[in-house]
Amino acid sequence: MNALIKSATIVDSKSEFHNDTVDILIEKGRISKISKRISNPDNYKEIKLDNLHVSQGWFDSSVSFGEPGYEERETIENGLKTAAESGFTAVALNANSNPVIDSFADITLVKAKAQNKATSLYPIGALTKASNSTDLAELFDMKNAGAVAFYDYQKPISNPNLIKIALQYASNFDGLVLSFPQESKISGLGVVNENINSTRLGLKGNPGLAEELQVARDLFLLEYTEGKLHIPTISTAKSVELIRDAKAKKLNVTCSVAIHNLVLTDDNLEGFDTRYKVLPPLRTQNDCDALIEGLKDGTIDMVTTDHNPIDIEAKKVEFDHAKYGTIGLESAFGALQTVFTTKKTVSLLTQGKARFGIPENSINIGEVANLSLFNPDDKYQFNKENITSKSKNSAFLGMELKGKVYGVIANNKVVIK
């Protein structure tokens, strides 16, 4: 793939051209030249877009596509197309399909379906067989097949000994264990944050305590086993504090936060709209502020869209019975820019690759072209026309967002929306 990007501002602190507006020549998938002005004698494809900015390719550590088994929600092919048009060159796929991705063959299958796409797919294998929290899955076999981590998506492991054994076993081959932060005996039948809003609306509450107890438990187990742990999608101020203390003790722990838990609060539940039914639930503004501060000081290692397409039949029901989840790939950049500067937003979207064993590329001559293309200043109202996903269950519909994504250049392919 050969292309010439014209007049693009580079946003990459690892590049010697950081903040420069330049032309970028790509030949056979690699950056061959970066200069103020580059001619195009070979008639390469020219990419010239309004207020064009480029950065290292973005990474999302938690996406769900449904396939195999839930193709009505999303397919791998359309999911990767959505990711590319949303600026992501790499995504980690959760195991919550039907059947659950819990074997060498399952990992091989989803990798095969994702071949020859601009966005690279990195599968996360289930931590336990069928994600039933009883017996460990074949972790080493899945690692050999290409699994980058092990996680029973949004299913808390109630048996602490199972997490202990998983951390010990996975440490033999540098495996990354994920543990969903929720103590089910505390969360009970709660569907929203336990707070004044849950009481006022008559919805069962899921207290922050349920998350914090599980985080504390898993950090104790991590310290005991000296394993490698990632805690996905934390949502409370206390969780940030617990992980900050653990990092001060040099424990091998990372964590993420879902973008909707940064931008939205339980005040959005006023209309009982099931688009806002997510797990962990939307919390308070105080929690949002603590999560934002945790990203700024490095306690929280990465953001995720926690992209989870749900079919309309599972959302257009009473709030108590609706499934958890929101899509988030298409709104990620614009939503983050309502909270952070462009430089910080790009930094957050490119973090986390090393933790999941994913190659990192800077924008320098000789490097593989792995780029996200965007206009950071475009403001617009997010609506269904902005959604490429098969499912439309976005918590950001109707919101004013900032920043338009053009697409990606990656894996010898150009995808421009």
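These notes cover strand S2 with its two partners, and then Thr-388, in a predicted model.

1. Strand S2 takes in residues 21-27. Of its 7 residues, 5 are buried, so the strand is mostly covered, where buried means under 20% relative accessible area.

2. On one side of the pairing list is strand S1, residues 3-11. S1 and S2 run antiparallel and are joined by 5 bridges. For orientation in the viewer, Ile-5 can be found opposite Ile-24 of S2.

3. S2 also pairs with strand S3, residues 30-35. This pair is antiparallel too, with 5 bridges between S2 and S3. Here Asp-23 stands opposite Ser-35, which belongs to S3.

4. The connection from S2 to S3 is a hairpin with 2 residues between the strands. Lys-28 sits in that turn and has a positive phi of about 55°.

5. A general point on reading such strands: side chains in a regular strand alternate between the two faces of the sheet.

6. Thr-388 is a loop residue, placed between strand S16 (371-381) and strand S17 (400-410). Is Thr-388 buried or exposed? Its relative accessibility is 15%, and because the cut-off for buried is under 20%, Thr-388 counts as buried.

7. The side chain of Thr-388 makes a polar contact of 2.9 Å with the side chain of Glu-85. Leaving aside residues up to four places away in sequence, Thr-388 touches Asn-78, Lys-81, Thr-82 and Glu-85, and also Glu-330 and Lys-417. Glu-85 therefore appears both as a polar partner of Thr-388 and among the residues that Thr-388 touches, where contact means heavy atoms within 4.5 Å.

Conventions:
Residues are numbered from 1 along each chain as its sequence is written. This is a predicted model: local features need pLDDT of at least 70, side-chain atom pairs count only at pLDDT 80 or more; totals for chains, interfaces and linings use all residues. Side-chain values use heavy atoms; hydrogens and water are left out. Helices (H or I, at least four residues) and strands (E, at least two) are DSSP runs, numbered from the N terminus. Buried means under 20% relative accessible area, exposed over 50%, partly exposed in between (1.4 Å probe, protein chains only). A polar contact is a pair of N or O atoms within 3.5 Å; within protein, one must be able to donate a hydrogen and the other to accept it, and residues adjacent in sequence count only if both atoms are side-chain atoms. Two strands pair if DSSP finds at least two bridges between them.
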